[in-house]
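User: Could you take a close look at the aromatic residues in this model and then follow the threads outward from there? I'd enjoy one connected walk-through rather than a list.

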Amino acid sequence: LPKVGYQRALAAEGVLTLRPSHLIATADAGPPVVLSQLRGAGVQVMQLPIGHSPAEVGRSIRAVAAALSLQAAGEAMATRFEQDWAAARRDIAALPGKPRVLFILDHGGGTPMVAGDDTAADAMLAYAGAANVMGGRFRGYRPLTLEAALAAAPDVIVTTDEALAAAGGRAAFLARPGLSALPAARNGRLVSMDALRMLGFGPRLPEAVRELARAVRAS
């Protein structure tokens with residue numbers, strides 16, 4: 001798909017080259033001056049709340065459908081999503097154990113970050129029946145440190161496919177300073193998923209949670 005820039009650093013010119021009638025974005029999209037410029041150009045701008053719950057996904061599906069005058073299709077999708085979510089919860093509840101997981105976010109240009117409370121990664125791990133080893137320590141993302149990672153002693157490391165690609169593959173990722181000393185890294189207990197699939201909290205959430213729940217137990 002065409003790229004118009006990072007969602008928090010949009011440029012009006014790039015968006016307007018696509019001649020949109022609507023711009024649908026999350027609440028953290030911006031900057032605000034660009035959104036104002038787009039509204040001034042006649043684009044209907046809609047911003048959705050940021051949430052890490054299935055209820056928020058259902059509300060977003062219905063809100064987008066209403067904005068596009070597709071209420072019937074939106075209601076059908078939201079209902080199907082809610083049914084899929086209930087089934088996923090039942091499936092995950094039947095899985096054994098509660099793996100202790102360290103989630104690493106790395107866009108390949110800076111210091112790897114680990115996920116604490118109030119992050120999409122923390123919510124996904126909880127829904128997958130896993131424990132975030134950084135949970136209860138801090139909110140948001142913080143730089144990875146060897147001392148904290150060793151103290152946390154994760155069973156499994158989870159990251160994104162994009163992070164592995166940026167590092168040059170699984171072996172290179174696990175050999176990075178701060179990771180190579182972890183037993184989970186030495187044992188190759190690494191799970192990766194597409195970033196948007198895992199952290200996007202969209203209609204694919206039930207299947208993404210199932211995939212993550214099984215992967216962290218099988219790694």
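Analyst: Tyr127 is buried in this predicted model, and Phe201 is buried as well. Trp85 is a third buried ring residue to keep in view here. The structure holds two aromatic pairs. In one of them, Trp85 and Tyr127 meet edge-to-face, with 5.1 Å from centre to centre and 85° between the planes. The edge-to-face label follows because the angle of 85° is over the cut-off of 60 degrees. Trp85 belongs to helix α4 (residues 71-93) and Tyr127 to helix α5, so this pair ties together parts that are 42 residues apart in sequence.

In the other pair, Tyr127 and Phe201 are tilted, with centres 6.4 Å apart and planes at 55°. Here the ring centres still count as a pair because 6.4 Å falls within the 6.5 Å limit. Phe201 sits in the loop between α10 (195-199) and α11, while Tyr127 lies in α5, so the pair ties together parts that are 74 residues apart in sequence. Put together, the ring pairs link Trp85, Tyr127 and Phe201 into a cluster.

Tyr127 also leads into a helix contact. The axes of α5 (residues 120-127) and α11 (residues 205-218) come within 9 Å and cross at roughly 70°. That crossing makes α5 roughly perpendicular to α11. On the α5 side, the contact is made by Met124, Leu125 and Tyr127; on the α11 side, by Leu205, Ala208, Val209 and Leu212. Sorted by type, the residues of this contact are seven nonpolar, no polar and no charged. Tyr127 therefore appears in the helix contact as well as in the ring cluster, and it counts as nonpolar under the sorting used.

Just before α5 there is a backbone detail you may like to check. Asp118, in the loop between β4 (113-115) and α5, has phi near 60°, a positive value in a residue other than glycine. Asp118 is exposed, with a relative accessible area of 51%. In contrast to the buried Tyr127, Asp118 is exposed.

From the rings, let's move to the strands. Strand β7 (residues 156-160) has five of its five residues buried, so it is largely enclosed by the rest of the structure. Val156, Val158 and Thr160 point one way from β7, and Ile157 and Thr159 point the other way. Strand β7 has neighbours to pair with: strand β3 (residues 100-105) joins it in the parallel sense over three bridges, and strand β8 (residues 190-193) runs parallel to it with four bridges. For landmarks, Val101 stands opposite Val156 in β7, while Ile157 stands opposite Leu190 in β8.

Ile157, which lies in β7, is a good place to zoom in. Ile157 is buried, with a relative accessible area of 0%. Leaving out residues up to four places away in sequence, Ile157 touches Leu102, Ile104, Phe173, Leu174, Leu179, Leu182, Ala184, Ala185, Arg189, Leu190 and Val191. Leu190, the residue that Ile157 stands opposite, is therefore also among its contacts, which are counted at heavy atoms within 4.5 Å. By comparison, Ile157 and Val33 are 124 residues apart in sequence and 39 Å apart in space, C-alpha to C-alpha.

Toward the start of the chain there are two more backbone points. A cis peptide bond joins Gly30 and Pro31, with omega about 10°, and Pro31 lies in the loop between β1 (22-26) and α2 (32-40). Arg19 has a positive phi of about 50° although it is not a glycine. Arg19 is in the loop between α1 (12-16) and β1 and is exposed, with a relative accessible area of 76%.

Stepping back to the whole chain, there are 11 helices and eight strands. The C-alpha atoms fill a box of roughly 55 × 40 × 30 Å along the principal axes, and buried residues make up 39% of the 219 residues. Among contacts between residues at least 6 apart in sequence, 59% join residues at least 24 apart.

Terms used. Residues are numbered from 1 along each chain as its sequence is written. This is a predicted model: local features need pLDDT of at least 70, side-chain atom pairs count only at pLDDT 80 or more; totals for chains, interfaces and linings use all residues. Side-chain values use heavy atoms; hydrogens and water are left out. Axes are lines fitted to C-alpha atoms, for helices over the stretch in contact, and angles run from 0 to 180 degrees between N-to-C directions. Helices (H or I, at least four residues) and strands (E, at least two) are DSSP runs, numbered from the N terminus. Angles under 35 degrees count as roughly parallel, over 145 as roughly antiparallel, 65 to 115 as roughly perpendicular and the rest as oblique. Buried means under 20% relative accessible area, exposed over 50%, partly exposed in between (1.4 Å probe, protein chains only). Two strands pair if DSSP finds at least two bridges between them. Rings of Phe, Tyr and Trp (its six-membered ring) pair if their centres lie within 6.5 Å; planes under 30 degrees apart count as stacked, over 60 as edge-to-face and the rest as tilted.
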